[in-house]
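Visitor: Could you take a close look at a single part of this protein and then follow what surrounds that part? I would like a careful, connected reading.

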Amino acid sequence: MYYLRFYLFFCSAPCVYLLKEGNGEQEPCFFLKGLQPSLYVELSHKGFHRDVVTTVELGSDTPADVRALLVYRWPRDVYVDPYQVASLSHQRGWQMLFNTAIDLEKPAHRTSEFSTYVYPSHVGPTPEPLKVTIPIHGRYHKPSFDGKTFTPVHIELPELLLWTKKCTPFQRLEPHTVLDAPCTASNTSICSWVKIQHPNKNSVPMSLHLPVGDGSTVRLICTGTLVVTLICCVVLCHSMLKHPLR
């Protein structure tokens, strides 16, 4: 009897598979197999205040219920203003979550690296690509004593993560991997996101140069500032004594 049940089950499995194929049913994660998204990142403006512009094209075969997440890992040389981002997220259709508190006043050597999670509100197959513009600001650095006037800053390209309720992370998703990250910017729950391999394999980190002070002139500048301050105080005191208030 057991052999008969096993024989019937073994023989019926291919038939069930063929029936599903005939009905046009596909795996929940079928779109990941041939997914070839495009991700471009560029820097705009100059100086201490820049914009990181990220453009993502998911493709027309991506289901409409797919959600996207961009993970940025920032160096300590720059910072993102949470108050500025809060005002921009409602205007530009995306929200951001910080993994730590951001101190806007500290110099670069007193801070550490941090990450941000960006949740675009418009995902799925669209005629227009997703576009996220993040304003960043350079931090002040220690003066240089070796003659350098600029310091290089390297910013890693963001990671692209996708999530859909129909696609479970327990299926074979090679070459993609599965990562746990907050489901939304409110950070009330954790979801299993599919990390898409970066489409631009030859992409290199973005680079910018921030000006630094000349350490060899610190004493001269401090001395000059002190002398000018003393002279101004003497002149002001002399003027007040010569023309007293009545």
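Guide: In this predicted model, the structure holds one disulfide, and that bond joins Cys183 to Cys191 with a sulfur-to-sulfur distance of 1.8 Å. The torsion about the S-S bond is 105°, and the link of Cys183 and Cys191 is accordingly described as right-handed. Both ends of the bond are covered: Cys183 counts as buried at 6% relative accessibility, and Cys191 counts as buried at 13%.

Cysteines outside this bond can be set beside it. The sulfur of Cys233 has its closest cysteine sulfur in Cys237, at 6.4 Å, and because a disulfide requires sulfur atoms within 2.5 Å, this separation is too far for a bond. Cys233 is partly exposed, with 41% relative accessibility, and Cys222, at 48%, also counts as partly exposed.

The strands around the disulfide come next. Strand S10, residues 177-182, is joined by six bridges to S11, and these two strands run antiparallel; within this pairing Pro182 stands opposite Ile190 in S11. The loop between S10 and S11 holds Asn187, a residue other than glycine whose phi is nevertheless positive, near 60°. Asn187 is partly exposed, having a relative accessible area of 45%.

Strand S11, residues 190-196, also pairs with strand S9, residues 159-163, in the antiparallel sense and over three bridges, and here Leu161 is the residue that stands opposite Lys195 in S11. Pairing of this kind rests on a general principle, namely that strands of a sheet pair through backbone hydrogen bonds, either parallel or antiparallel. An aromatic cluster is formed by Tyr119, Trp163 and Trp193.

From this cluster one can turn to the aromatic rings of the whole structure, where a search finds four aromatic pairs. In one of them, the rings of Phe48 and Tyr140 have centres 5.4 Å apart and planes at 45°, so the pair is tilted. This contact links distant parts of the chain, since Phe48 lies in the loop between strand S1 (38-44) and strand S2 (49-57), while Tyr140 lies in the loop between strand S7 (130-138) and strand S8 (150-155), 92 residues apart. Tyr140 itself is exposed, with a relative accessible area of 63%. Tyr72 and Trp74, by contrast, form a stacked pair, with 5.3 Å from centre to centre and 5° between the planes. Tyr72 is buried at a relative accessible area of 1%, and Trp74, at 1% relative accessibility, is buried as well.

The loop between S1 and S2, which carries Phe48, also contains His45. His45 is not a glycine, yet its phi is positive, at about 75°, and with 53% relative accessibility His45 counts as exposed.

The strands that flank these loops can be placed in a sheet, an open one of four strands in the order S1-S2-S7-S4, with antiparallel pairing. Its edge strands are S1 and strand S4 (78-79), each of which pairs on one side only. Two bridges join S4 to S7, and the two strands run antiparallel; in this pairing, the bridge partner of Tyr79 is His137 in S7.

Beyond the loop that holds Tyr140 comes S8, which pairs with strand S12, residues 206-211, in the antiparallel sense over six bridges. In that pairing, Phe150 has Pro211 of S12 as its bridge partner. As a general matter, the side chains of a regular strand alternate between the two faces of the sheet. In S8, the covered face consists of Thr151, Val153 and Ile155, whereas the uncovered face consists of Phe150, Pro152 and His154.

Residues from both faces of S8 recur in the second largest pocket, whose lining includes Phe150, Thr151 and Pro152. The space in this pocket is about 160 Å³. Its lining further includes His141, Lys142, Pro143, Ser144, Asp146 and Lys148, together with Val212. By residue class, the lining of the second largest pocket divides into four nonpolar, three polar and three charged residues.

Note on methods:
Residues numbered from 1 in each chain as written. Predicted model: local features only at pLDDT ≥ 70, side-chain atom pairs only at ≥ 80, totals over all residues. Heavy atoms only, no water. Phe/Tyr/Trp six-rings, centres within 6.5 Å; stacked < 30°, edge-to-face > 60°. Buried < 20%, exposed > 50% of the residue type's maximum accessible area, 1.4 Å probe, protein only. Pairing = 2+ DSSP bridges. 1 Å grid on protein atoms, 1.4 Å probe; cavity = no way out; pocket = protein on both sides within 12 Å on 5 of 7 lines; lining within 4 Å. Points joined across faces, edges and corners; volume = space filled by probe spheres on them. Nonpolar A, V, L, I, M, F, W, Y, C, P; charged D, E, K, R; others polar.
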